Each structure stands twice: as structure tokens, then as C-alpha cells.
Amino acid sequence: MLSSISPFGERSRNNRWWLTASAYIAGSVAGGATTGVVFGLIGEAIAPQPEVGLAILAAAGVMGLAADLDVAGARLPSWHRQVNEDWLTTYRGWVYGLGFGFQLGLSWATIVTTSAVWLTWLAVVLAGSWSWGLVVGAFFGLVRGSLIFAAVHVDDPSRLRALFRSIETRAPSVQRAAVVAVGLVAVTAMGGLVS
């Protein structure tokens, strides 16, 4: 996405980057909020007991760690698709910005690379509140959408290559941070069960 929606890419399509990026962020917030509300409503309908919720969250955290660390071939449930890049040449910048952002903000409609995503939504279900889901989802979408700002200075091919090198260099650290976060969720949920 960063290679497509950058000042360099948008200029090549005669679009304004700031408009496309704003639509992308708005779409991402809307997508995250939508997912959060839906999972919050599911949680309200099933209303699990707190102890049951903690047990489920702890077990999911352990399974998530297994998948993230590729233990015994464990895999995350995920689509094997990304957004449709044909939109870049079919629609105006703000339209594909909004559409791409919404799909990525939903979080489950494209490739899911960490169990932290699924744990986020499971926690929303277990919280059992659509309003809490709205807040968590909108924040999730805002954070995910804001990553577009990493490309704000990409105005030529050399800067695009530099951005990709930077992302590639930082990827292992980001993956480790996600594994640590999932581990903390599992341990915290287990601790809640014992206390």
C-alpha cells in the first residue's frame, strides 16, 4: 500500500496525496469501527462470565503464540488476498483511498500476519460491549491507517526503495514486539484466573 499511495505514486496518477491519504485513514477508522461494533454486539449476545472469558483469552493467547512462532505447523486463519490494485487506475484517489483503508481497517478482509489482530477482536467479544468495540476498533483503524504517513516523503523512486529497505530492516523487531504483546495477553489472562 505504501508503494501505491505515496506522493510519488499519486503524482503519477494526477491525484493529490493528501486527499487520498485522508480518505485512506478515514476508511481505515470506519473499517476498524465496523469490526469493533460487530464483535462487540456478538459479545453482548453471548455475554460470557468473566472467568470463562479470561480462560478463553488465555487459551487463545497460547494458541496465538504457537501460530506466531510457527510451533508444530500452527497457522493463523487468514484470507490470502490483499486489496485490488486495479482500483488505482479505475477510480479517483479518494475512492480507492477510502476503499483500501476500509478493507485494511476491517483487519480480517486481507492477509492477517499476527495473532494480535485476532486477540484484539476476541477481547472485544469477551468485553461484551458494542460501544467498547467501537472505541477499540476506531483506534485500531486509526493506528493502521496512520502508517500511510511513513510514505509522506516518498517523492521519487530512490526514496521509495529507501522506504522498503527501512521496512524490511524493521520487520523482525515489529514481529518480535507482536509476539511479546500476545504473550503478555496470555500471561495477564492466566494471572487474572489465579487471583
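The following exchange covers cores, loops, surface and ring pairs in a predicted model.

Colleague: What limits apply to this model, and how is the chain numbered?
Modeller: The model is predicted: local features need pLDDT of at least 70, side-chain atom pairs count only at pLDDT 80 or more, and totals for chains, interfaces and linings use all residues. Side-chain values use heavy atoms, leaving out hydrogens and water, and residues are numbered along each chain, as its sequence is written, from 1.

Colleague: Which helix supplies the largest share of the largest nonpolar core?
Modeller: A nonpolar core is a set of buried Ala, Val, Leu, Ile, Met, Phe, Trp, Tyr and Cys residues joined through side-chain atoms within 4.5 Å. Buried means under 20% relative accessible area, exposed over 50%, partly exposed in between (1.4 Å probe, protein chains only). The largest core has eleven residues, including Ile5, Trp17, Tyr96, Phe100 and Ile148. Helices H2 (17-46) and H5 (93-106) each supply at least two of them, and the largest share, four residues, comes from H2.

Colleague: How many residues does the second, separate core have?
Modeller: Helices here are DSSP runs (H or I, at least four residues), numbered from the N terminus. The second core includes Ala58, Ala60, Leu119 and Ala189. Its total is seven residues.

Colleague: How many aromatic pairs are there, and of what kind is Trp17 with Phe149?
Modeller: Rings of Phe, Tyr and Trp (its six-membered ring) pair if their centres lie within 6.5 Å; planes under 30 degrees apart count as stacked, over 60 as edge-to-face and the rest as tilted. A search of the whole structure finds six pairs. For Trp17 and Phe149, the centres are 6.2 Å apart and the planes at 70°, so this pair is edge-to-face.

Colleague: How far apart in sequence are the parts that Trp17 and Phe149 tie together?
Modeller: Trp17 is buried at 14% relative accessibility, whereas Phe149 is partly exposed at 44%. Trp17 sits in helix H2 and Phe149 in the loop between helix H7 (130-146) and H8, so the pair ties together parts separated in sequence by 132 residues.

Colleague: Is the pair of Trp87 and Phe100 stacked or edge-to-face?
Modeller: Trp87, in helix H4 (residues 87-90), and Phe100, in helix H5, are 13 residues apart. Trp87 is partly exposed at 24%, while Phe100 is buried at 0%. Their ring centres are 5.5 Å apart with 15° between the planes, and the pair is stacked.

Colleague: Which residues do ring pairs link into a cluster?
Modeller: Trp87 and Phe100 belong to it. The full cluster is Trp87, Tyr91, Tyr96 and Phe100.

Colleague: What is the phi of Ser107, and is Ser107 buried or exposed?
Modeller: Most residues other than glycine have a negative phi. Ser107 is in the loop between H5 and helix H6 (115-127), and its phi is positive, about 80°. With a relative accessible area of 1%, Ser107 is buried.

Colleague: What is the phi of Ala47?
Modeller: Ala47 is found in the loop between H2 and helix H3 (50-68). Ala47 is not a glycine, yet its phi is positive, about 35°.

Colleague: Is Arg165 buried or exposed?
Modeller: Arg165 lies in helix H8 (residues 157-194). Its C-alpha atom is separated by 17 Å from that of Ile5, 160 residues apart along the chain. At 52% relative accessibility, Arg165 is exposed.

Conventions. Helices (H or I, at least four residues) and strands (E, at least two) are DSSP runs, numbered from the N terminus.
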